[in-house]
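Reader: I'd like a close look at one part of this model, namely the charged pairs. Could you walk me through them and then place them against the rest of the fold?

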Amino acid sequence: MTSSTDATPLPDDDRPTRTFGPPAPVVFGTLGVALVFVIVLEFLVIISFVGQRLWTVPALRDSFLFQLPLLLWALVVIASVVGVLRVLTAWLQVDSDGFTLRGLARRTRSARWDEVGGVLAVRAIERGAGSDEGLDLSETAYDGVYLLDAEGHRLVAVSNRFFGPRAQEACLRHAAAAGVRIDRIDAISPAELRRQAPRALGVVDRHPTLVALCLAVFYIGHNVLTFAVWGL
C-alpha cells in the first residue's frame with residue numbers, strides 16, 4: 001500500500017454547483033442485471049407457473065406452501081425494482097457548502113464540508129490478478145473516493161465507475177478548499193482498506209464472496225422448492 005496526504009485543491013470548475021448521475025453503461029448494466037435476476041435465474045418458476053396454468057389451481061389460493069415459489073419470485077421482482085430505482089434515480093450534488101446524495105428508494109445523505117472528518121481517495125483497490133487491467137490511471141480517477149465523518153463512518157462513496165471521475169474531482173476540490181484532510185492512496189487491498197477505515201466499505205464491499213454465495217444458495221433453493229412443490 002502506498003499513500004499520501006494532499007490538501008491542494010484541484011483546478012477550479014466554472015460551475016459552482018455540479019450534479020452527477022450514473023452514466024449510460026451503469027444504467028444499461030443495472031437493467032441487464034435486474035433482467036437476469038428476475039427472468040433468467042427464475043426461468044423454472046416462470047415456465048412452471050405459466051405452462052401449467054397454475055392460477056387455475058385451487059391450491060394457489062388455499063395452500064401457503066403452494067404459493068411460496070410465487071411469493072418468493074414476487075419478492076425478487078420487488079427487490080430488483082428497488083435496486084434499479086436506487087441506481088437509476090441516484091444523483092449527487094456537490095458545491096462549496098457540501099454535498100447531497102438523493103434518489104428513490106434510498107435515504108438522502110447530506111453534509112456540510114465542516115461535518116466531513118476526512119476523505120480517502122483510493123486510486124486502485126487490488127482485488128486480485130488482472131484487477132488493474134483497463135483502470136483509468138489519470139490524475140483524477142480513483143477506484144473510490146470515500147467521504148467520512150469524524151468517527152470514520154462513511155457518509156458517501158463516490159465511485160469512478162458509478163459517478164465518474166468528474167464527480168470525484170469535484171468532491172476532492174471542494175473538500176480541499178474547505179480544509180478537509182485528504183488521504184490519497186495509490187494501491188491498497190480490500191483487507192488493508194478495511195483495517196484503515198473499517199466503516200468506509202458497505203456490506204457488499206466487505207463480503208463480496210459471502211453475498212454472492214448467499215444469492216447462489218437462494219436461487220438454487222428457490223428452484224429446487226419450485227420443482228418439489230409445483231413439479232414440471
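Author: Searching the whole structure, which is a predicted model, turns up four salt bridges. The general idea is simple enough: side chains of opposite charge can pair when their charged atoms come close.

Let's start with Arg161 and Asp143, whose side chains meet in a salt bridge at 2.8 Å, N to O. Arg161 sits in helix α5 (residues 160–163), while Asp143 belongs to the loop between β6 (118–122) and β7 (144–148), so this pair ties together parts that are 18 residues apart in sequence. The two ends have their own surroundings: Arg161 is partly exposed, at a relative accessible area of 47%, whereas Asp143 has 6% relative accessibility and counts as buried. The cut-off behind that word is under 20% relative accessible area.

While you're looking at Asp143, check out Arg123 too. Arg123 is found in the loop between β6 and β7, and with 15% relative accessibility Arg123 counts as buried. Along the chain, Arg123 and Asp143 are 20 residues apart, yet their C-alpha atoms are separated by 5.3 Å.

Next up is Arg112, which forms a salt bridge with Glu115; their closest N and O atoms are 3.3 Å apart. Arg112 is partly exposed, with a relative accessible area of 45%, and Glu115 is partly exposed as well, at 37%. There's a third player here, as Arg112, Asp114 and Glu115 are linked in a network of salt bridges.

Then there's Arg181, which has Asp183 as a salt-bridge partner, with the closest N and O atoms 3.0 Å apart. Asp183 counts as buried, at 17% relative accessibility.

Now for the fold around all this, beginning with the sheet. Strand β5 covers residues 109–112, and β5 belongs to an open sheet of four strands, ordered β2-β3-β4-β5, with antiparallel pairing. β2 (18–20) and β5 stand at the edges with a single partner strand each, so one side of each has no neighbour in the sheet. From one strand to the next, the twist averages 10°. As a reminder, strands of a sheet pair through backbone hydrogen bonds, either parallel or antiparallel.

Going inward from β5, you get to β4, and these two pair in the antiparallel sense over four bridges. Phe99 stands opposite Ala111 of β5. β4 and β5 make a hairpin with six residues between them, and Ala105 in the turn has a positive phi of about 60°. On to β3 (residues 91–94), which pairs with β4 (residues 98–102), again antiparallel and over four bridges. Here Gln93 has Thr100 in β4 as its bridge partner.

For a contrast with the charged pairs, have a look at the helices. α1 (residues 24–40) packs against α4 (residues 64–88) at an angle of about 175°, their axes 9 Å apart. That angle makes α1 roughly antiparallel to α4. On the α1 side, the contact includes Val26, Leu31, Phe37 and Val38, and on the α4 side, Trp73, Val76, Val84 and Leu88 are among the residues they meet. By class, the contact between α1 and α4 has 12 nonpolar, two polar and no charged residues.

How values were computed
Residues are numbered from 1 along each chain as its sequence is written. This is a predicted model: local features need pLDDT of at least 70, side-chain atom pairs count only at pLDDT 80 or more; totals for chains, interfaces and linings use all residues. Side-chain values use heavy atoms; hydrogens and water are left out. Two strands pair if DSSP finds at least two bridges between them. Axes are lines fitted to C-alpha atoms, for helices over the stretch in contact, and angles run from 0 to 180 degrees between N-to-C directions. Angles under 35 degrees count as roughly parallel, over 145 as roughly antiparallel, 65 to 115 as roughly perpendicular and the rest as oblique. Contact means heavy atoms within 4.5 Å. Ala, Val, Leu, Ile, Met, Phe, Trp, Tyr, Cys and Pro count as nonpolar, Asp, Glu, Lys and Arg as charged, and the others, Gly among them, as polar. Buried means under 20% relative accessible area, exposed over 50%, partly exposed in between (1.4 Å probe, protein chains only).
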